[in-house]
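User: I would like to go through the ligand site and the pockets of this model. Please keep the answers short.

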Amino acid sequence: MEDIRANLEAVHGRISQAASKAGRAEEDVLLVAVSKTRTPEEINTAIDAGVTDIGENKVQEIMDKYEAVKPVKWHMIGHLQTNKVKYIIDKVCLIHSVDSLKLAKEINKRAASHGIVMDILVQINPADEESKFGVSLSDTKELIMEILENCENIRIRGLMSVAPAVEDPEDVRGYFEEVKAQYDEFSKIEHERIDFKYLSMGMSHDFEVAIEAGSNLVRVGSAIFGARDYGNLEG
Ligand SMILES: *Cc1c(COP(=O)(O)O)cnc(C)c1O
């Protein structure tokens, strides 16, 4: 059994160190605990230990766990199919993974029918990896402008990125810095439906580098809950 409470303390220590190294405060960095493959009991333990925000990468897992988990903010961080938007539109506070106008339009439609404005991040694929979702750096501005033009029930709150999986996180610092540069540029866009607040970058093995590069939202799973066993929940 993982000691979730102790793990969380260690993660907070790492966040605090990275933030201070970057001349920022720990409170400037939102920790989203990524609970894919985890049980409601494990998630509730994390919530009891102070976690306020939970991230899932699959619609099905949000639906399966939603009722059994204590009140908390849910984040959709994984690839989202348009036909599944309707299941989570009233459950999540932020969708991190918007990478097409088609998806944005569906979110917009569902948000409108619920009478809400949905907060989203645009997902960038900075290394243009085939295996990853996200829009390329060069197409990001166009997508943002199209969403602003077409989606009255969406508010763009920032950018999200998943760096390539590498052994040494120093190797992806450059990608994080590129996304941060874009974040700063797009922050200047003036429009009533854009209000940048979150730069979602960094996972268990690379969040210190991400924070140093300017991330203010980290998505941390295994460092909190232990290594994942995909045996029963995925595949
Ligand atoms: C699983 C996942 C994470 C967390 O990964 P860890 O390495 O367990 O911290 C973060 N972001 C996304 C999009 C994920 O799917």
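User: Which residue has a polar side-chain atom 2.9 Å from a nitrogen atom of the ligand?

Analyst: This is a predicted model. A polar contact needs a pair of N or O atoms within 3.5 Å. The pair at 2.9 Å joins a ligand nitrogen atom to a polar side-chain atom, and that side chain belongs to Arg219.

User: What lies 2.7 Å from an N or O atom in the side chain of Arg228?

Analyst: Arg228 is among the residues that surround the ligand. Ser222 is in that shell too, and a backbone N or O atom of Ser222 lies 2.8 Å from a ligand oxygen atom. For the side chain of Arg228, the partner at 2.7 Å is an oxygen atom of the ligand.

User: How much of the ligand's accessible area does the protein cover?

Analyst: On its own, the ligand has 380 Å² of accessible area. The share covered by the protein is 90%.

User: How many residues of the shell around the ligand are charged?

Analyst: The shell includes Lys36, Arg219 and Arg228, along with others such as Val34 and Met160. By class, five shell residues are nonpolar and four are polar. The charged ones number three.

User: Which pocket does the ligand sit in, and how much space lies there?

Analyst: The ligand sits in the largest pocket. Its lining counts 22 residues, with Lys36, Asn57, Ile77, Val162 and Met203 nearest the centre. Eight lining residues are nonpolar, nine polar and five charged. The space in this pocket is about 510 Å³.

User: Which elements give two or more residues to the lining of the second largest pocket?

Analyst: The second largest pocket holds about 380 Å³ of space. It is lined by 20 residues, and Val29, Leu30, Leu31, Thr52 and Asp53 are the closest to its centre. The elements that give two or more residues are α1 (4–21), β1 (30–34), β3 (73–76) and β7 (194–201).

Methods
Residues numbered from 1 in each chain as written. Predicted model: local features only at pLDDT ≥ 70, side-chain atom pairs only at ≥ 80, totals over all residues. Heavy atoms only, no water. Near = heavy atom within 4 Å. Polar contact = N/O pair within 3.5 Å; in protein donor to acceptor, adjacent residues only side chain to side chain. Areas by Shrake-Rupley, 256 points an atom, 1.4 Å probe, with all protein chains shown as cover. 1 Å grid on protein atoms, 1.4 Å probe; cavity = no way out; pocket = protein on both sides within 12 Å on 5 of 7 lines; lining within 4 Å. Sits in = over half its atoms within 2 Å of the grid points. Nonpolar A, V, L, I, M, F, W, Y, C, P; charged D, E, K, R; others polar. Points joined across faces, edges and corners; volume = space filled by probe spheres on them. Helix = DSSP H or I, 4+ residues; strand = E, 2+ residues; numbered from the N terminus.
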